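I opened the notebook to work through one model, place by place. Entries follow in the order I looked things up.

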Amino acid sequence: MKDFPVIDLHTHCLLSDGVLCPAELGRRVAVQGYAVLGLADHADPGTMPGIIKTGRESALGLNGHMGGLTILPGVEITHVPPALIGDMVKKARDLGASHVVVHGESVVEPVAPGTNLAAIEAGADILAHPGLLTEKEVALAAERGVYLELSGRGGHGLSNGLTANLARKYQAKLLVNSDGHAPGDYLTPERQRTVALGAGLSEEEFEALMEEAVGLAETFKQRLV
Ligand SMILES: [Zn+2]
Ligand SMILES: [Zn+2]
């Protein structure tokens, strides 16, 4: 049994409906075991440019002064109609986002049907809380290299077991993220492990997931330069 520093690529701060500014969030999570804090605030066509610009300035200003923590300025395309998701993903990359998360078809929100598929077809980096995702979607996610999320958030996490099972069947890639909005929501090394094992991953699968997450975070970091 092994704990790993936290790599959490889906969190919220006050750039959308989270409660902390990036510096306070960064400090708080650094002391609870984070190596990588991925900001991914809720974005629609109007709010996305400001979120990415401010997130980049916070990340580029703070990184190197946070005791080894790396902040990544991503974005979460949220409740955007599926027909617009492809263009939004491209625009997020043009604006300099480190990574693009799409708010998937969670079982606890009325996300438009077709969102999961649009996100995967667009080549988003991460499909968050994908809910009752289909075998076709998982197969395509595996083919396109889109990571599927095991959510540490109450409600969204109800379908983590299905996500893990289908990911194993189609060899799709998984991540553990908090989707945290406030102190108390964010992960610890132990909680990160619990979310993975609670979804049915073996110890070995969890270790492989974490090794993969380290490489993915490094790829995202390279996009900032
Ligand atoms: Zn939110
Ligand atoms: Zn979120």
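**Entry 1: His129.** I started at His129, which sits in the loop between strand S5 (126-128) and helix H5 (135-144). The model is a predicted one. Is His129 buried or exposed? I found a relative accessible area of 1%, so His129 counts as buried. Next I listed what His129 touches, leaving out residues up to four places away in sequence. The list includes the histidines His10, His103 and His156. Glu76, Glu105, Glu149 and Asp179 are on it too. Gly104, Ser106 and Ser151 complete the set.

**Entry 2: zinc ion (ligand 1).** Which residues coordinate the zinc ion (ligand 1)? I noted Asp17, which appears twice through OD atoms, and His42 and His181, each through NE2. The distances run from 2.0 to 2.7 Å. The angles among the four donor atoms span 52 to 122 degrees, and the site is irregular. A tetrahedral call would need all angles between 85 and 135 degrees. For reference, the ideal angle for four tetrahedral donors is 109.5 degrees.

I then wrote down the spacing of the donor residues in sequence: D-x24-H-x138-H. Asp17 lies in the loop between strand S1 (6-11) and helix H1 (22-30), and His42 lies in strand S2 (residues 34-43), so this pair ties together parts that are 25 residues apart in sequence. I checked accessibility for both. Asp17 is partly exposed at 43%. His42 is buried, at 18%. I also looked up the zinc ion (ligand 2), which is 5.0 Å from the zinc ion (ligand 1).

**Entry 3: H2 and H3.** How do the axes of helix H2 (residues 48-62) and helix H3 (residues 82-94) cross? They come within 10 Å, at a crossing angle of roughly 30 degrees. The cut-off for roughly parallel is under 35 degrees, so H2 is roughly parallel to H3. The crossing is right-handed. From H2, the contact uses Met48, Pro49 and Ile52. From H3, Met88, Lys91 and Ala92 take part.

**Entry 4: Ala164.** My last stop was Ala164, in helix H6 (residues 160-170). Ala164 is buried, with a relative accessible area of 2%. Which residues is Ala164 in contact with, once neighbours within four places in sequence are set aside? I got Leu150, Leu174, Ala199 and Leu201. I also took the separation of Ala164 from Gly86. The two are 78 residues apart in sequence and 25 Å apart in space, C-alpha to C-alpha.

Terms used:
Residues numbered from 1 in each chain as written. Chains lettered and ligands numbered in written order. Predicted model: local features only at pLDDT ≥ 70, side-chain atom pairs only at ≥ 80, totals over all residues. Heavy atoms only, no water. Donors = N, O, S within 2.8 Å, 3.2 Å for Na, K, Ca; no water. Tetrahedral: all angles 85-135°; square planar, octahedral: opposite > 155°, others 65-115°. Helix = DSSP H or I, 4+ residues; strand = E, 2+ residues; numbered from the N terminus. Buried < 20%, exposed > 50% of the residue type's maximum accessible area, 1.4 Å probe, protein only. Axes fitted to C-alpha atoms, helices over the stretch in contact; angles between N-to-C directions. Parallel < 35°, antiparallel > 145°, perpendicular 65-115°, else oblique. Left-handed = near helix turned anticlockwise from the far one by under 90°. Contact = heavy atoms within 4.5 Å.
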